[in-house]
Structure formats: C-alpha cells, structure tokens
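The following exercises work through aromatic pairs, strand pairing and charged contacts. Each task is followed by a solution in steps.

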Amino acid sequence: MPKIKTSIYIALLGFIGLLHSQAFALSLHLDSFSNEQGLTQNSITCSVTDARGFHWFATQSGLNRFDGYEFKRFKSHPTQPSIAGNWITDCLKTSDNLLWFATATQGLNALNTETGVFTQFDQNSALAIKDNRIWSILADQQNNIWLGHEEGSLTRLNLINNEVEYFQYTQHGNLIFQDMVIDTQQNLWLASNQGLVKFNPATGQFSYFPTSKKQLWRLKLTTQGQLLIASKTGLSIFDLHKEHFTEVTQLTNIWISDILIDNNNNLWLSSYGHGLYYNPNYQTKLNDFTQLKYQPQQRHGLVNDHLLSLYQDTQGIIWIGSDGYGLQRYDPRQNQFHHQQHHDEQATTISHNFVRALLKDSQGQLWVGTRNGLNRQTEDGFVRYLINNSNLTNNNIFSLHQDNQQRIWIGTYGGGLLRYNHDSDDFTAFTVQSHQLSSDYIYAITSDQSGNLWLGSNQGLSRFNPSNYAVTHFQHSEQSLSLSNNIVFSLIYDTQANAIWAGTRVGLNKLSLGNYQFSHYQAEPTKANSLTHNMVTALHLQDENTLWVGTFGGLNKFDKVSGTITPITEHNGLLNDNIFAIKQDKTGQLWLASNQGLTRYEPNSNSMQHFLPRDGVQHNSFILGAAFQAADGELLFGGINGFNQFDPLKLQLAAKTPEPVLTELLINNQVISTAQYTKHQSHTAPMMSYTKTLRFNKSDGVIGFKFAALNSPSAPQQYQYAYKLAGFDKQFLYTDAQQRQINYPQLPAGDYQLKLKVKDQYGLWSKTSTLVALTVVPPWWQSQFAIAVYCIVTVLIIWLIVASLYRAKLAEQSSQQAQQLNRLKSQFLDNISHELKTPLSLILAPLESLQLQHQDHASSTQLSMIKRNSLRLLSLINQLLQLSQRPSTAIQYVSPYPLTAFIEQLVVDFSVLFEQKGIQLTFTDLTSQDCLIILAPEHTTSIISNLINNALKYTHSGGRVEVSLSVQNTHAVIMITDTGIGIEKHQQHLILNVLLVLQPNKAAAVLA
C-alpha cells in the first residue's frame, strides 16, 4: 500500500468570508495535472512550497518543481549528483529555506533550492543515520530534524551541532512511525501501525496509548489543543489534556489518508477510496461532513476517489494528490461566487442545472426557473414545482418577474403566463386560449409605472393588465412602422422616457407609451453608428441618458440623447461577443454574462476582468436572460450548470500581483545549466531563478529564457506578460501565458538587462522587475583592443587619403598657376612680338632702299649683314608669335644643307663685333668634302651663335677666338677656342643647360 504524507503550513493570506452562508453547497472546479503535463509519476505523496514561490510535488517516482505551467523533474541518477531515491515519503521546509525529502529506502535528502543541489544523509554519509527507511519527518524549535523509521526507530539529526541521536521503541515489534507532530510542550506524537505513541525528547521516554485505533496514518494538531488522528478505519479526536479519544462515527471504516485545516479553519479530509470530505463546522458539528466524490459526468471534478495527500500553499490554493491519477488544484475563492447546482441525491437542490430565469423577491426569497421546473428557496433548501406535483402548466421556465404589487409572474415555454398565489402555494395560468395572449411562449417580462405587464414572446410584444386581464398586442407589420420582428428576447421599461425598450431578432425597438410609436435601431454594416448585431439579447438602463445593449455581436453603449452607439467587442477585450445578460453593481461596473464566462467591465477605463469556471462561475456558457440584481446589490447569473449568487462588493480578489521569474536558460532552444555562463564554473552555480548576472560569448548562438509568475492565487493561464531587453529592445514586447519564451539570436556585444512584468486576470500589472543582467563578450577581432587598433588604422588611412587629396589639390593649384603663368607668358610673348615686329619691319623697309643706293662692296656687305640678321630676328619674332598663339605639334622636315657656308656666314656676321672689341675672329674649314647637316637652320644658328657670343663675352680685348669645322666619323665637330677666362673642367658638361651661369676660372682656357 502506498505511503503518503503532506506538511501543512499556515499561509499568511486569508480569504475572509468565503463561506459566509451554509445555504450554499460546496462546488469544486479542479484543474488537473498528470504525467501527460510532465509529472514524473501520478501518485502524489507530499507537497511543499519554497521561499521563491515554486511548488514541489513528491511522488513514488521522483520529485517535481512546478511554476504554474511546467514541471521540472528531479530523479535519482547513478553517476550525477541527484536525489538519492525516487520513492519520496515525506516533505519538509525548514527556516533556513532548505527542503527536506525522506525516501522509502534511500535515506534523507536536503535540497538547496537556489543551486538545485541535494545533500544526502544515509548510512554511508559523513553524518550517518542508521536506517535509510524513513516514513515521516519533522522539525522542532531547536533546529532538530526528527525522522520516523520502521521497527520503532526514531532519529534526531542536528546539523548545527553535527549530531545524530537514536531512540528505540521496543514495546511492539515491526512498528512503523507513519507521521509525527509536535505540541506546545515540545512532545512528539507519533502515528504508528500499532496506535498512538507519545515521545518526550527531554527524558527520551515513549508512552503508548492502547485505546487508540490501530493502523494510524496521519496526525493534525488543532488550535484548540486537540489531535486529529486519521487511520485506515476512520477519524478520531484525541484531547491532549484529558487524554480521551472521540470517534467520528460518520467516517467509520473509511481510510482517511490526509488531514488539512485550511486558512478559514475548514476541515478537509482525503480518503483512500471515498473521495474528499469537507466540514466547515467540525468544532461544533463533528459528524457533519460533506462528501465530494468522483463523478464521471463532472469534467472538472475529482479525477478519482483514491486520494493520498492534501496541501494548502502560501497563496491559499489547495492541492489534492491522488494515487495514480495525478494532482489537482483548487482555489477556495471559487466559493465567493456561490455556485449552486442540481444534485440527484439531494432533493433540496434545484430541479435542473439548466437555469433560464432568476428572481430574488422583495421578501428576500430566491426563485430559480430551470428547464425542468420552478424552484423556491426556503431555510431547508429549495422547494421544487413541477407539473407532476403542482398546477404548473409547463416545466420549462423562461422568465420571472415581480410587479409593484409584489406578485410573482412566471413566463413558461409553452404553458403561457403564470401568477404565483402565495396563500395557496399554487399558480394561476393565463394562456392564449384562456386570456387571448399572443403566445404561450413567454421569453421576457417587465412592467410599467401603471402596473401593466409587458410580455415578450415568439409572437411579438403584448401589454397585459393584471387587474382586468385586458391584452393589447404589438406585432410586426410590413405595412406600418411597427415592431421590427415578432421574436422578443429582452424587455426593459424606461421610466424617464415612459417607453418600452424591446430587443428582438431584428434589432432594438423603442415603443413610446405616449403615442405608441415605434423607433428602430438596427445593425447596418456600412454605417458606423449602428448596432454590432441585430440579435438583441440583453438590455440594461444605466441612467436617463445611457442604455447598454447586448447582442450576438458584442456590447453596445447607446446614448439616448445623441443617438451615438459605441461598440465593445472581442477586439476591445471581450472573451466572447454573445452577451446574454447585463447587470451593474453599485460601483458602476458592468457584469456581462456570455458564452465565455463572466466579465466585469469598467466603462470609464474600458478595463475588463474575466471570471471562468476555475474562478467559481458555474460554466463558460450562461443563458440568455438568466440574471437578476437584488435590491441589496447581490447579483445572480444562471447557465447550463446551475447559477452563481454573489455580492460583487464582497469579492476577495488577489491581494497582490504575481511576481515574474525566469525558470530556464536556453541556448539554441536547449535547456542548459547556468554554470558556464556565471562566475560559478561548477555544478554549484545558482539555478536560473536565482541568477543575477550572465556572461556570454557572441558565438554562443541563440540566447533564450523561459519565464513564469509566482506568489499569486490568480489563475496563471490568464496572465499576460511584457518583457524588454534594455539595451536592445526599444519598448516592451507583449505575450500571453501560452508564449512564455524569449529568444535573442545574434545579440551584439554589449551589456543588457532583461526586464519583465506580468498582468493578472484582474488587469493589474506587477512592478517591472530586472531579472538578470547580460554581458555579451565579442570575439577577439571585435574586442575593445581590436577596435582601438581598427580606429588607429582607419584614422591613418583617412589621414593618408586626406594628405593625398591635399597634395593633389596643391598639384592642381600649382598646375593652374603654371597654366595661368603660361597664359600670361603667351600673352606677354604675343604682345612683345607684335611690339618688336613693327619697328623691325620699319627697319627692313628703308634697308632695301639703302642697298640700292649703296652698291659698293663694303656698304653692300654691311647692309646685307644688317638685312640678314634683321630677317633672322623677324623669323624669331614670328616663331615667338606662333608659339604664343598656337603651338605647333607638326613635324618639320629639313633638307640637308652645307654646314661650312653656314658657319662662314655667321663668322662674317660676328666679325664686326669682334673687331669693335679688338678680338681676332677666324674660321678654319678642316673638312675634305662638303659637310651636310640635317637640323633646322634656326637651331643651328642658335647653337653656334650662342657659343660665339659667349666667346665674345668672356674674351678680353686683344684676345683671339678660333672657329673650326671638322668631321670625325659621321659627326661634325665645331670647335670654338678662345683666350678668355675659361671654365672648370668638371663644369664643362653643363655649358648647354638652359640659363646656367658658371663661375669661370680665370686661369684656364675654354674649350666648348
């Protein structure tokens, strides 16, 4: 038989007034978890919550950490550090935030939840224990850990003092300590298979109580000093002062597997084979337990009657562990909505779960109309009215109404209109046949200030006078402005406008009672200011200006003064657009019944909170028109699984918002330890939920995280999240509970902070939490040093480019200046050529006359010399003029001409100058034949003239200059020898450089 245990810790959060009236039967909506959702095994032996808020569930095959969405498994591993054994028998949390897990055969395990590291205590550990078989575990105020073993063995373990002490109970053989509790006197009370045993740690003495039951399973101390004892044969109460046992006869021969006293002092018992037992008045009514069993037709009830453990966490959630069927979650706040439903075995419950109409009359009596009968609440439960036990005309009740005369009116589906007669406790019927109603199918009822009843049916709208039974019908007509459709779902009387508002299958109708004229408001897809749907299912008059209209296409706010219609649909946050009822509480918030639970809507802020079956509402599906608001503000809503009755101002919602937490580190979508990404380069690195800093290489790949939210009783399935990686994301990114994973591929190198916040089902956001700081380290070629080198090289390259551009700019400027100088020079040459050419022409003109006049040899020779040199000068001027205007690139071809005659002529031309200076000039022709030269005459003239002129310039008076021409091989040698000051030998090769002036050596001769 499985061994089980749970440790109960009193939570700080209380739920005030959850069960303020015993008229409401307890109804459970349980969320179930099994190995299909990730549990290691489906037999839950014990449960505990750590300091961070994670839930830990132990099984007969491993340990599980639960974050509200996913289970993280911890199982024994032969080669890696892990829990010692998989069959866990008991759980404990100590003040140092360690979690302790006892195993059936492998000793004790202490878990550090920050690092996920287990410390084992067994027969071979440094602090050894004698027996590895542990069935119960307990901590006292002296930091001792007490272990209950088989064969009457008890161990005290003290880690502070590093002590182990053993105690042995020998009165009975093969005694197993299944459970332990400690009283205010620090005495240990032990539940064993042989009965109740008391142990005094101060004396080390055991005391046995022979009158107790055998096969004890669990113990629980109450605040009244009583000890609740669960056994395989029932429940006993032991008075610690009187040492007296009291048996709970209602539970005789029922195996009670665990005991829980919840935060509201309600007693819960799990049984092995008989489901769950609940008693809110166990202190005064010991045998008044309500049994809750597995029922196949209940989708969210108990999954099995074989239960092992009970646990209430720090947020007030009760966890039910079964044997082989997993874990179930129950939120006691469900009872705030007081779900009431039909039970076959209880005749005082409502007659059917399909509730169509609700009414709380002026006497505070509740009326419930169902698909199968009418129900009136009394002190003892509901009285049922059916066609087989009353004069009810039809069991299918569609509408309920109390008029200003306190008369109760009932609309049926096929049985017409009924009036309840209080004195005779029967009904008077008004039908088509008896009172000329338009239809016996009455969908909606309201009344005006004159006391007339207005009936909505499948045959239009009818006015019924209860005093004289006069009936007036208003039906659809194609020929006149009438009711838009004969099927009327909803009605409301407008006192300010003295009008009836009627919701039909084809839009909203307003019937003015002053002139009985109809106004229509319908859905027009092409018109912005129209209803969202023509099927008008619910109406609520907020004030004289505002009418709320529920349709099959959402909610509509209708301004009666301006005619403006404002739609509120699924696009604005509704879970479902089928609005079946609208009620408004005293704070101005609207309550909307739909096909997806109950919604509280705040019109001013447009905020919404949704309530689903796990929150306590009867079902996701509510019924059209099945709603009522009592005079005291209490709201009632009916659906396909009963009805809810609650005061919206007394709802105790979550006291605080959830706390976001990171649950896993992912690299390339694979869960990985934080060790290699923190300074803890070993297995002792903290788990992701405790890690504050992480360091990654840029090459590590896709960095990701899984996240959840803890420490709130709200349903985590309805949470919404927002995250932001500061330094990368510019704004928060939003996601829901189904998408709780963040991935960042190829993060640039740098420092980041991951921020996360969460919104609960009530629309409240938590504070933004910085969960972890990230540093992404670049590769060496992206390091700061490399970047500095890159910067220096880049600056150098830029400098070189700029310098090159600067030099190019200077060269360009120099070129432009040279061009400008060339232009100026050309212009100057042009000008000077023109200026020289004119007087030279004036010289040549009379020269020809002089030659004619002087024919003698001397004069003719001199005049010819003048003319020849003048023409030469004119030729040079023309060349300058041509060069300045348009330099020629044409190749000139020169015919060979004799050099001897050419030189002779030049010598003759210079002879006058030499004679004037007193220098002898001679020419000697040393050639044996004609010496021909191919060189432009002007160039030959320039070369020889310059040489002769230099000789003239640097030869003193009385000196001598000799010019000679000779031929050496194929070269003509022109030699000019003078007696001038001379040129240094090492400078003689420079004499033909343009504009070069050499320093002469006065002692040397010149040979050019």
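F66 and W319 are both buried. The model is a predicted one, and the exercises start from this pair of residues.

**Exercise 1. Classify the aromatic pair of F66 and W319, and state which strands it ties together.**

Step 1. W319 has a relative accessible area of 3%, so this residue is buried.

Step 2. The ring centres of F66 and W319 are 6.0 Å apart, and the planes make an angle of 85°. Planes over 60 degrees apart count as edge-to-face, so this pair falls in that class.

Step 3. F66 belongs to strand 4 (residues 62-66) and W319 to strand 27, so the pair ties together parts 253 residues apart in sequence.

**Exercise 2. Treat the pair of F57 and W319 in the manner of the previous exercise.**

Step 1. Across the whole structure, a search gives 63 aromatic pairs. For F57 and W319, the centres are 5.0 Å apart and the planes stand at 55°, so the pair is tilted.

Step 2. F57 sits in strand 3 (residues 55-59) and W319 in strand 27 (residues 318-322); the pair therefore ties together parts that are 262 residues apart in sequence.

Step 3. F57 has a relative accessible area of 0% and is therefore buried.

**Exercise 3. Describe the sheet that holds strand 27, and find the bridge partner of W319 in strand 28.**

Step 1. The sheet is open and consists of four strands in the order 1-28-27-26, with antiparallel pairing.

Step 2. Strand 1 (31-33) and strand 26 (307-312) are the edge strands, each pairing on one side only.

Step 3. On average, and with direction ignored, neighbouring strands of this sheet are turned by 20° against each other.

Step 4. Between strand 27 and strand 28 (residues 327-330) there are four bridges in the antiparallel sense. R329 is the bridge partner of W319 in strand 28.

**Exercise 4. Work out the surroundings of strand 51: its two faces and its pairing with strand 50 and strand 52.**

Step 1. Strand 51 covers residues 590-593. L590 and L592 lie on one side, W591 and A593 on the other, and these residues are all buried.

Step 2. Strand 50 (residues 581-584) pairs antiparallel with strand 51 over four bridges, and A581 stands opposite A593.

Step 3. Five residues separate strand 50 from strand 51 in their hairpin, and in the turn G588 has a positive phi of about 90°.

Step 4. Strand 51 is also joined by four bridges to strand 52 (residues 598-602), running antiparallel. Here W591 has R600 as its bridge partner.

Step 5. The hairpin of strand 51 and strand 52 has four residues between the strands, and G597 takes a positive phi near 85°.

Step 6. W591 also takes part in an aromatic cluster with F337, F611, F622, F637, F646 and Y762.

**Exercise 5. Compile the salt bridges of R133 and D494, with location and burial.**

Step 1. The total count of salt bridges is 18. One of them joins the side chains of R133 and E151 at 3.8 Å, N to O.

Step 2. R133 is in the loop between strand 9 (117-121) and strand 10 (134-139), while E151 is in the loop between strand 11 (145-149) and strand 12 (153-158); they are 18 residues apart.

Step 3. R133 is partly exposed at 26% relative accessible area, and E151 is partly exposed at 43%. A network of salt bridges links D131, R133, E150 and E151.

Step 4. D494 and K560 form a salt bridge whose closest N and O atoms are 2.5 Å apart. D494 is in strand 42 (residues 488-494), and K560 is in the loop between strand 48 (554-559) and strand 49 (565-568), 66 residues away.

Step 5. The relative accessibility of D494 is 0%, so this residue counts as buried.

**Exercise 6. Decide whether R614 is buried or exposed, and list its contacts.**

Step 1. R614 lies in the loop between strand 53 (607-611) and strand 54 (622-629).

Step 2. Its relative accessibility is 19%; buried means under 20%, so R614 counts as buried.

Step 3. Neighbours within four places in sequence are left aside, and R614 is then in contact with H29, D31, D331, Q334, A715 and Q717.

Conventions: Residues are numbered from 1 along each chain as its sequence is written. This is a predicted model: local features need pLDDT of at least 70, side-chain atom pairs count only at pLDDT 80 or more; totals for chains, interfaces and linings use all residues. Side-chain values use heavy atoms; hydrogens and water are left out. Buried means under 20% relative accessible area, exposed over 50%, partly exposed in between (1.4 Å probe, protein chains only). Contact means heavy atoms within 4.5 Å. Two strands pair if DSSP finds at least two bridges between them. Rings of Phe, Tyr and Trp (its six-membered ring) pair if their centres lie within 6.5 Å; planes under 30 degrees apart count as stacked, over 60 as edge-to-face and the rest as tilted. Axes are lines fitted to C-alpha atoms, for helices over the stretch in contact, and angles run from 0 to 180 degrees between N-to-C directions. A salt bridge is a side-chain nitrogen of Lys or Arg within 4 Å of a carboxyl oxygen of Asp or Glu.
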